[in-house]
Amino acid sequence: MSLSRNKFIVRFVFSALMVMQPVLAVSSEEPECLSPWSGSSDDSSETSSQYFEQRFAEAEQLRQLAAKAGAEWLKTEELLLNSKEQAGNGNWSTAFQLIHKACKQADSALQQAEYESKAWKHRVVD
Amino acid sequence: MASAIKVKTKLSGDIAEVKSLMLHPMETGSRKDPDSGNVIPVHHITQLVFTNNGKQVMVANFSTAVSKNPYFSFSFSGAKAGDRLHVSWVDNLGEKAELETQLK
Amino acid sequence: MQYTKRTLMKGCFALLAVAALPRVLLAAVWPEKAFNATGMSAALVDLFGTDVTTATDQITLKVPEIAENGAVVPVSIKTTLENVESISILVEKNPRPMAATFEIPKGTLADISSRIKMAETSDVTAVIKTSDGIYSTARQVKVTIGGCGG
Amino acid sequence: MIKAIITGLIFLFTLVVYQTTFAGPPEDRRAFVAYYESRFPDIPFAEYANGIYAIDRDARDQWLEIEEFPPYEFAIEQGADLWQEKFPDGKGYSDCFKDSANGVRQAYPKFDPQTGEVITLERAINLCRNEHGQKNLEFGNEQMLALSAFMAFESRGNSINIEVPGDDPRALAAYEQGKQFYYSKRGQLNLSCADCHVVSAGQYVRADHLSAGLGHPTHFPVYRSKFGSMLSLHQRFEGCIRDVRAKPFELQSKEYTTLEYFLTYMSNGLEVNGPGARK
């Protein structure tokens, strides 16, 4: 009895989160793609696809920011392209993993660029 | 058009030092084209022949293990200024090149 | 089978090409069998009829200890042996060990230099045929995986 | 009297502060050279023009063997032929490059006060072509490499002499951008140019020794045995950027151009000895 009720609550919270997803993505400090995909990979492909597009867009945006800062890493774009391909084949779990990787790379590249914008001065030979 | 053979010679007494450089890919036949992924067919100089005033002074037989744009040098005696040194190569596809120069 | 046919055909082309060059009248045949041999011993037998060579310190084989680049390894060979007929370079660990062989007519000095490819760390052997025997000397050349290069 | 002394002191103080906080290009260069001098006391200044072969004795012998008859001679010959060609208007490259008979390589990259841009030799070649109604050559294309190889050859022995006009903030800004690039870590390996070629110069990266940053631009373009073809300095930059696992920039991008400007300025006084041969 209580089990099914718990289940219900979990489901409710989950779907509420799903509905709020776009809002959360904008308002939260950290892009969602920075956390590993915790959803189940046997979700209906419609749900997965929706999440995929969202997280992909986030990661791609980060990548573009890194590129603009002249700090993009070598394989980030390739990871994203591969994730698209995996998603196309319905390999959601791999696709989400790749996005997560690309997202972390782009985020690290941005942090690197920001840190380096000051740090380089201390390395100049004098 | 630039020649596919370059030769430099140096006479000391009657000994001629000959240095040569060939423009050739020297493909081993085991390398893959990075773009297409296809194996690049074997293509290499097989024989490089030097004659001085018509007399053969060197025959070099090459496998694919000679580096790309091959370099080869040797010396021979009985040479004098004005001698005509002739160099030619053929490769496994029947392509060839030749060059004649005067010793000085 | 196909391979043999192809190489045979190429051999023919090469011969034709040699014949077509007016000045090259006496060029010897490219020793195809020795070049295609996949072992040192077979390559030597194909070229000299024997794989027995006499080790000697009368051959100076100059090779680097560590190759800067396996694709371009400078090799120089000279000898104080008399009546040299040919000089050959063999790389034991290459898929086909026979790298090059040079015919030395009378009057030509037994002193050559070239640049060769090496697949991996291996002995490089200089084999010199004189009128009275076959001599050799070998030195190891290390081929490493490069870093960034140049 | 006291006022005069105080004013004098303030002036001196300002000068000292200015000198230390705003070290200009000449100070940068002196410090850069001094660093290598103390790091490798046995290597004479002029030797740095030989890149890694100034440091790596073992590799040097093999390089000298290649230099006996270097494969880049084909590129020089091709470049000489291209140099002789006339544009449809009857003019040639020598009409664009003043004093080209004595070599011009040592003055590039050059700051152009008219446009405020830094012009590399490759860009100058294309500007010349455009001026005479010709299309650009692609950067990294065989003809471009051959032309620049020939021009480097004609400039051999000339001392590199890059100018950063102190009175033009645009020149200083370009120089500073190149300098920042040189010292900034990038890529997944989090390495700057300086990490390898200043801090770790002479040490191993896998089986290779790292070359010194001083003298890097003197010998380009180079014949790379690895590729069996000529390679420009910007293509070499591209390789390094990829090696630290960062996404490379376009050839002749602002990033590479300003980097070349800074780096070549650091090598002022060294001889042009391009084209070179590298593994």
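**Chain architecture and selected residues in the predicted model**

Of the 279 residues in chain D, 53% are buried. As the structure is a predicted model, this and the values that follow describe computed coordinates. The secondary structure of chain D consists of 11 helices and seven strands. Its radius of gyration is 20 Å, which agrees with the value near 19 Å that a compact globule of 279 residues would have. The C-alpha trace of chain D extends over about 70 × 50 × 35 Å along its principal axes. When contacts between residues at least 6 apart in sequence are considered, 69% of those in chain D link residues at least 24 apart. Chain D exposes about 12800 Å², with carbon and sulfur atoms supplying 55% of that area. Chain D also carries 29 positive and 37 negative charges, and the mean positions of these two sets are 6 Å apart.

A helpful place to look inside chain D is Ser267(D), in the loop that runs between α11 (254–266) and β7 (276–278). Ser267(D) counts as buried because its relative accessibility is 0%. Beyond its neighbours within four places in sequence, Ser267(D) is in contact with Ile160(D) and with Gly213(D), Leu214(D), Gly215(D), His216(D) and Pro217(D).

Chain B is built from seven strands and zero helices, giving the pattern β-β-β-β-β-β-β along the sequence. Buried residues account for 54% of its 104 residues. The C-alpha trace of chain B spans about 55 × 25 × 20 Å along the principal axes. Among contacts in chain B between residues at least 6 apart in sequence, those joining residues at least 24 apart make up 54%. The exposed area of chain B is about 4200 Å², of which carbon and sulfur atoms supply 51%. In chain B the 12 positive and 10 negative charges have mean positions 6 Å apart.

Turning to chain A, Tyr115(A) sits in helix α4, which covers residues 92–119. With a relative accessible area of 57%, Tyr115(A) is exposed. Tyr115(A) and Trp92(A) are 23 residues apart in sequence, and their C-alpha atoms are 34 Å apart in space.

Finally, a word on confidence in chain C. The average pLDDT of chain C is 84, and 79% of the residues score at least 70. Over residues 1–26 of chain C, however, pLDDT stays under 50; for this stretch the model has 32 contacts beyond four places in sequence.

Methods. Residues numbered from 1 in each chain as written. Chains lettered and ligands numbered in written order. Predicted model: local features only at pLDDT ≥ 70, side-chain atom pairs only at ≥ 80, totals over all residues. Heavy atoms only, no water. Helix = DSSP H or I, 4+ residues; strand = E, 2+ residues; numbered from the N terminus. Rg over C-alpha atoms; globule rule 2.2 N^0.38 Å. Buried < 20%, exposed > 50% of the residue type's maximum accessible area, 1.4 Å probe, protein only. Contact = heavy atoms within 4.5 Å. Areas by Shrake-Rupley, 256 points an atom, 1.4 Å probe, with all protein chains shown as cover. Lys, Arg positive; Asp, Glu negative; His and termini not counted. Charge placed at Lys NZ, Arg CZ, Asp CG, Glu CD. pLDDT = per-residue confidence, 0-100.
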